[in-house]
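Trainee: I am new to this structure. Can we go through it step by step?

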Amino acid sequence: PKSVLYLAGLFKDNKKIETKFLDIFAYPDFKQVKRERNNPPIYFGMSDDQVVQSIRQYNPHIIAITSTANYFINDTIKMIELIRSNFPSVFIVVGGPDATNDYKVYFERTNAIDLIVMKEGEVTFEKLVTALRQGKSWKQLKGIAYQANDKMVVTNDQVYVKNLDDYHCDYDLIDLEQYFKINKEGYPSRL
């Protein structure tokens with residue numbers, strides 16, 4: 001979850017912007033996973049109802065989802081559509097390596113995405129949140145892809161971050177003990 005924690009870190013010192021983090025894979029039903037271990041595939045994570053309930057508690061304006069590998073595209077699309085169906089007015093942003101590489105596939109598979117942040121997201125995401133909060137257009141931002149009038153629009157690339165030390169991970173948003181528990185149960189680390 002580190003990449004999303006970097007995005008949250010952009011707003012850590014801004015008292016007007018509250019960020020929350022929900023790692024749906026960090027809260028599995030370990031008993032169910034153990035029962036189904038020999039009968040793959042195994043769903044490892046929160047149920048759809050738990051996800052909806054958690055989001056409802058947050059009542060967000062923007063939801064950012066990372067998609068790190070093509071292997072997870074079906075689950076990512078399913079989650080995006082679940083969120084859109086339960087929270088029709090939330091602004092859904094998708095980013096990460098897979099969304100960058102396969103943005104056309106994401107838009108072909110669902111119309112529930114408002115935009116995809118391409119490549120490094122720190123600069124673009126901060127500008128996007130600022131534009132949305134100020135009620136300004138975000139369509140001119142660099143480093144995004146979106147659909148307009150049944151056409152895909154891809155803007156020019158955002159400049160790469162010059163100094164990575166300017167960005168900080170907001171580990172305060174996660175329960176590190178939960179990640180230790182996942183490792184203790186014999187499952188790979190999520191960090």
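Mentor: On the other side of α3 from its buried residues, two residues are exposed: D49 and Q57. Keep in mind that this is a predicted model.

Trainee: Which residues of helix α3 are buried?

Mentor: Helix α3 runs over residues 48–58. Buried here means under 20% relative accessible area. The residues of α3 that count as buried are V51, V52, S54 and I55.

Trainee: How wide an arc do they cover around the axis?

Mentor: An α-helix has 3.6 residues a turn, so residues three or four places apart point the same way. The buried residues of α3 sit on the same side of the helix, because the arc they cover around the axis is only 165°.

Trainee: What do the buried residues of α3 pack against?

Mentor: Look at the buried side, with V51, V52, S54 and I55. The partners are a strand and a helix, β1 and α4 (73–86).

Trainee: Is Y58 buried, partly exposed or exposed?

Mentor: Y58 is found in helix α3. Exposed needs over 50% relative accessible area, and buried needs under 20%. Y58 has 33% relative accessibility, so Y58 counts as partly exposed.

Trainee: Which residues is Y58 in contact with?

Mentor: Leave aside the neighbours within four places in sequence. The contacts of Y58 are then K20, F21 and L22.

Trainee: What phi does N59 take?

Mentor: N59 comes just after α3. Its phi is positive, at about 55°.

Trainee: Now to α1. Which residues of α1 are buried, and on what arc?

Mentor: The buried residues of α1 are V4, L5, L7 and A8. They lie on the same side of α1, because they cover an arc around the axis of only 155°.

Trainee: Which elements are included in what covers the buried residues of α1?

Mentor: Start from V4, L5, L7 and A8, the buried residues. Their cover includes β1 and α7.

Trainee: What is the volume of the second largest pocket, and which residues are closest to its centre?

Mentor: The second largest pocket has a volume of about 330 Å³. It is lined by 21 residues. Closest to its centre are S3, V4, L7, G121 and E122.

Trainee: Which element gives the largest share of that lining?

Mentor: Elements that give two or more residues to the lining of the second largest pocket are α1 (2–9), β1 (62–66), β2 (91–95) and α7 (122–133). The largest share is four residues, and it comes from α1.

Trainee: How do the residues of that lining divide by class?

Mentor: Sort the lining of the second largest pocket into nonpolar, polar and charged. The split is 12 nonpolar, six polar and three charged.

Trainee: Which residues line the largest cavity?

Mentor: The structure holds one cavity of 30 Å³ or more. About 50 Å³ of space lies in the largest cavity. By class, its lining has three nonpolar, two polar and three charged residues. They are M118, K119, E120, G143, D157, Q158, V159 and Y160.

Trainee: What is unusual to look up about the phi of K119?

Mentor: K119 is found in the loop between β3 (115–117) and α7. K119 counts as partly exposed, because its relative accessibility is 41%. K119 is not a glycine, yet its phi is positive, at about 60°.

Trainee: Is N149 buried or exposed?

Mentor: N149 lies in the loop between β4 (144–148) and β5. N149 too has a positive phi without being a glycine, about 50°. Its relative accessible area is 73%, so N149 is exposed.

Trainee: Which residues does D170 touch?

Mentor: D170 lies in the loop between β5 (151–154) and α8 (176–184). D170 is buried, because its relative accessible area is 4%. A polar atom of the D170 side chain lies 3.2 Å from the backbone nitrogen of D172. Not counting residues up to four places away in sequence, D170 touches L5, A8, G9, K12 and T19.

Trainee: Last, α8. Within what arc do its buried residues fall?

Mentor: In α8, Q178, Y179 and I182 are buried. They line one face of the helix, because seen down the axis they fall within an arc of 100°.

Trainee: Which residues are exposed on the other side of α8?

Mentor: The cover over the buried residues of α8 includes α2 (30–36). On the other side of α8, the exposed residues are E177 and K184.

Definitions and conventions: Residues numbered from 1 in each chain as written. Predicted model: local features only at pLDDT ≥ 70, side-chain atom pairs only at ≥ 80, totals over all residues. Heavy atoms only, no water. Buried < 20%, exposed > 50% of the residue type's maximum accessible area, 1.4 Å probe, protein only. Polar contact = N/O pair within 3.5 Å; in protein donor to acceptor, adjacent residues only side chain to side chain. Contact = heavy atoms within 4.5 Å. 1 Å grid on protein atoms, 1.4 Å probe; cavity = no way out; pocket = protein on both sides within 12 Å on 5 of 7 lines; lining within 4 Å. Points joined across faces, edges and corners; volume = space filled by probe spheres on them. Nonpolar A, V, L, I, M, F, W, Y, C, P; charged D, E, K, R; others polar. Arc of directions from axis to C-beta.
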